[in-house]
Amino acid sequence: MIKPTDSRLKEADRVVSKKKKSGETERQVMEKPQASSAMFFQYNTQLGPPYHILVDTNFINFSIKNKLDIVKTMMDCLYAKCIPYVTDCVVGELEKLGQKYKLALRIIKDSRFERIKCMHRGTYADDCLVQRVMQHKCYIVATNDKDLKRRIRKIPGVPIMNVAMNRYVIERMPDAFEPMAKK
């Protein structure tokens, strides 16, 4: 082995070897978004009845295919009052899909559905829903889109509702009512 003081080594090689010898290692800096103050031990305190549910385009289409009344089935799933919300992007997507989805447009224009105005450009609903859920943790996201579900699972404290086996299924909903049931 050659010593760092050997005359055959160049000056640049000596500097590198000195750094390695002193034990300095580079630390990787990782940036993570700050958790919301509404999150307490991963339980979302802003979530509660009446539930605010953001509805995606394909959730409406799956509900129609399975012949499910959206508002009634949501209430059956959560055992509480539910207010479905539809963003301008979801309405824009349904309008772009044309005549085949005319029934879906009629359903979301019902008075039971609340309309949310979008301030961004474009009509890509997935980005709109993820952005809205990141800002306000009071929503449950209703979707059957695999990519959107994967993106929302990365956000702590946001439950996901989807259509499975001719009914609505909710995942990641905290067991808030379990202690009351045991009493």
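**Exercise 1. Decide whether aspartate 145 counts as buried or exposed, and place it in the fold.**

Step 1. Aspartate 145 has 19% relative accessibility, so it counts as buried. Buried means under 20% relative accessible area, exposed over 50%, partly exposed in between (1.4 Å probe, protein chains only).

Step 2. The model is predicted: local features need pLDDT of at least 70, side-chain atom pairs pLDDT 80 or more, while totals for chains, interfaces and linings use all residues. Residues are numbered from 1 along each chain as its sequence is written, and side-chain values use heavy atoms, without hydrogens and water.

Step 3. Aspartate 145 sits in the loop between strand 6 and helix 7. Helices (H or I, at least four residues) and strands (E, at least two) are DSSP runs, numbered from the N terminus.

**Exercise 2. Find which residues aspartate 145 touches beyond its neighbours within four places in sequence.**

Step 1. Take contact as heavy atoms within 4.5 Å. The partners are Asp56, Asn58 and Asp126.

Step 2. Check the C-alpha separation from threonine 57. It is 9.1 Å, across 88 residues of chain.

Step 3. Look at the start of helix 7. There, a side-chain oxygen of aspartate 145 comes within 3.4 Å of the backbone nitrogen of aspartate 147.

**Exercise 3. Identify the buried residues of helix 7 and what they pack against.**

Step 1. In helix 7 (residues 146–153), Leu148, Lys149 and Ile152 are buried. They lie on the same side of helix 7, because their arc around the axis is only 100°. The arc is that of the directions from the helix axis to the C-beta atoms.

Step 2. These buried residues pack against helix 6 (125–135), strand 6 (139–142) and strand 7 (160–164).

How values were computed: A polar contact is a pair of N or O atoms within 3.5 Å; within protein, one must be able to donate a hydrogen and the other to accept it, and residues adjacent in sequence count only if both atoms are side-chain atoms.
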